[in-house]
Amino acid sequence: MEQNNNNRPKMPKFNMSWIYIMVLIALVAFYFSGGDSIGGGMNKKATYTEFKAYVDSGYAQKVEVNKGDNQLKMYVKGEYIRKIFKSGTDKVGKNPYLEVEYGSVDKVEEFLDSAHANGKFNGEIDYKNQNGNDFLNILINFAPFIILIVIWILIMRRMGGGAGSSGVFSVGKSKAKMYENGGEINVTFKDVAGQEGAKQEVQEIVEFLKNPKKYTDLGGKIPKGALLVGPPGTGKTLLAKAVAGEAGVPFFSMSGSDFVEMFVGVGASRVRDLFRQAKEKAPCIIFIDEIDAVGRARSKNPAMGGNDERENTLNALLTEMDGFGTNSGVIILAATNRVDMLDSALLRAGRFDRQISVDLPDLNERRAIFMVHLKPIKIDKSLDVDQLARQTPGFSGADIANVCNEAALIAARHDKKTVEKQDFLDAVDRIIGGLEKKTKVLTAQEKRSIAIHEAGHATISWFCEHANPLVKVTIVPRGRALGAAWYMPEERQITTKEQMLDEICALLGGRAAEELFIGQISTGAMNDLERVTKTSYSMIAYAGMSDKLPNVCYYNNQEYNFQKPYSETTAKVMDEEVMKLIAEQYDRAKKILTEHKEGHNQLAQLLIDREVIFAEDVERIFGKRPWASRSTEIMGEQDKESEPSEAPETSESSDYTEISDTSDSSDNNNNNTNE
């Protein structure tokens, strides 16, 4: 019996809108029928001349004169129906009539009186003052009100967050997405590669939620919140999802911008509603992504008489996190890459008890991240994951995912069955330097100038002890640059003065080569000079690497302090020291190039002929690098016998930049690029 009931077709549920639709259909039908379709007869239009002829012939039984629309109806006697309508009463009805439009009521009355006096019309005359378009007039009169009501309903639904909400009263409700259990997210700690320290911190939060007695028996308290801090793309949001997936408790997820609204007081109301829901579901986790949108430091000089909605929202958040009320069992996770802009009250103990640093992955972590993202990709068996990890220093987890995806797309573009090593190398080049533009037209003079510029970088870096080992040099335009040099940067935790000076000298090698071997300089070194200037000022003003300003740091992290933390005299000394430092390294670069003039010219000519050269070609010209053992150690004993097409193309971006664009597209990867 139950099976039969289930197989029965489900009847549609009753809805009041059906009644509205049926009433509307009935009104429309009544309007178009003229209101006489029930119990009436067929009608036919006739001219006023025909009407007078019919009356004079004695066909009229009754005449209705409507003064509202200047029309009359002449009802026909039964014996004359067939003569006028060419049909019997079974088809035209018992009371068929003619519709006639007249000009003047007086003329109609005069004619009917004359016909009555002559015995040609003995019927009734009925006068009405109705308009046949009453229904249409009603619609026209009420149309503005109907439109206003419809617009109001739409606005209320929009403000309420959709048709399923309760209109304007839901504006202050929280927009957080709630997941009842971790299974709905399908992310665990196994999906988060690297970041072992950060995972250990958040795993303890999961343990707090799963087994709180283990900690409370010793007098410990569950932490109120944890703040995930790190550069973009390092996996902060993924780590929060993994916490939710592992903990198996209700998880509220929203962005900091979801609190911001155009209406005053809405942000604070949403904060209160969020914590109210969380308390009902405790123990649970609240995750606020990009919390800097609402948690930015409050101004010390607020506008007089003004109202800052963001500050009100932040105050409500501070109160809910550690107010007089208790939030037992509610843990708050938040993520930001701008922790320096957050309000100090938000960062104190008791609110965000822990700050978990999610940094860019190191070599081993990059290898683990590659292993995660390579699982769904059909890779070639000869692919060396360790080499890929070495060739992507400074890459975040999101960048590595992008490399794997780009490599798969490149392999598919060339109709390959598997993704090979060269596809990954091309993907790294594509992400760092941009798309290769082989169709860009260059004159012979421009090509020679670019080759001399890039050969200058390569020569200086080869003879500077602390410069990064060279991998590849090309003069094929790529992205926004006309030439590029790829290096294998050393992953340093600290940087010495000698290392920074060698990097500045290598950056100035392109401009120095232009001046020495062409006799004129160009705009191609604009990005090089920009980076040299920034590095030099950071050495003098921040790192205290100056003879006249030793051991002082003028770095200022106060957001609302618009004054320099040093005097104009000190600024002048800084400028002099920077100019002196750059001039010394520029002279040093020209000296090295002069000593190795022949080798530089051979390198430039090789670039003109082949457009792409590798470290092996530079070694054949200059011999082994004086610090070859150090370079070998840094590069992880990289295979030097690989084919040129398979040489590592990594981590250094465009050098020779067009005047129309002086920015470096690869700076986003923090790869110590040499422009």
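Visitor: What is the relative accessible area of Asp386, and how do I read it?

Guide: This is a predicted model, so read every value as computed from it. Buried means under 20%, and exposed means over 50%. Asp386 has a relative accessible area of 31%, so it counts as partly exposed.

Visitor: Which residue forms a salt bridge with Asp386?

Guide: Look for a side-chain nitrogen of Lys or Arg within 4 Å of a carboxyl oxygen of Asp or Glu. Here the partner is Arg367, and the closest N and O atoms are 2.3 Å apart. The pair links distant parts of the chain. Arg367 sits in helix 15 (residues 363–373), Asp386 in helix 16 (residues 385–390), and 19 residues separate them. Arg367 is partly exposed too, at 26%.

Visitor: How many salt bridges does the structure hold?

Guide: The structure holds 19. One of them joins Glu201 and Arg354, with the closest N and O atoms 3.4 Å apart. Glu201 lies in helix 8 (residues 196–210) and Arg354 in strand 11 (residues 354–357), 153 residues apart. Glu201 is partly exposed, at 34% relative accessible area.

Visitor: Where do Glu320 and Lys279 lie, and what links their side chains?

Guide: Their side chains meet in a salt bridge, 3.9 Å from N to O. Glu320 belongs to helix 13 (residues 309–321) and Lys279 to helix 11 (residues 266–281), 41 residues apart. Now compare the two ends. Glu320 is buried, at 17% relative accessible area. Lys279 counts as partly exposed, at 39%.

Visitor: Now the sheet. What is the order of its five strands?

Guide: Read across the sheet, from neighbour to neighbour. The order is 1-4-3-2-5, the sheet is open, and the pairing is mixed.

Visitor: Why is one side of strand 1 and of strand 5 left without a neighbour in the sheet?

Guide: Strand 1 (43–46) and strand 5 (124–128) stand at the edges, and each has a single partner strand, so one side of each has no neighbour in the sheet. From one strand to the next, the twist averages 25 degrees.

Visitor: In which sense do strand 1 and strand 4 pair?

Guide: Strand 1 and strand 4 (residues 97–101) pair in the parallel sense, over four bridges. Find Lys45, then its bridge partner in strand 4, Glu99.

Visitor: Which strands does helix 6 lie across?

Guide: Helix 6 (residues 105–117) lies across strand 2 (60–66), strand 3 (71–76) and strand 5. Its angle to strand 5 is about 170 degrees. Angles here run from 0 to 180 degrees between N-to-C directions, so the helix and strand 5 point in nearly opposite directions.

Note on methods:
Residues numbered from 1 in each chain as written. Predicted model: local features only at pLDDT ≥ 70, side-chain atom pairs only at ≥ 80, totals over all residues. Heavy atoms only, no water. Pairing = 2+ DSSP bridges. Helix = DSSP H or I, 4+ residues; strand = E, 2+ residues; numbered from the N terminus. Contact = heavy atoms within 4.5 Å. Buried < 20%, exposed > 50% of the residue type's maximum accessible area, 1.4 Å probe, protein only.
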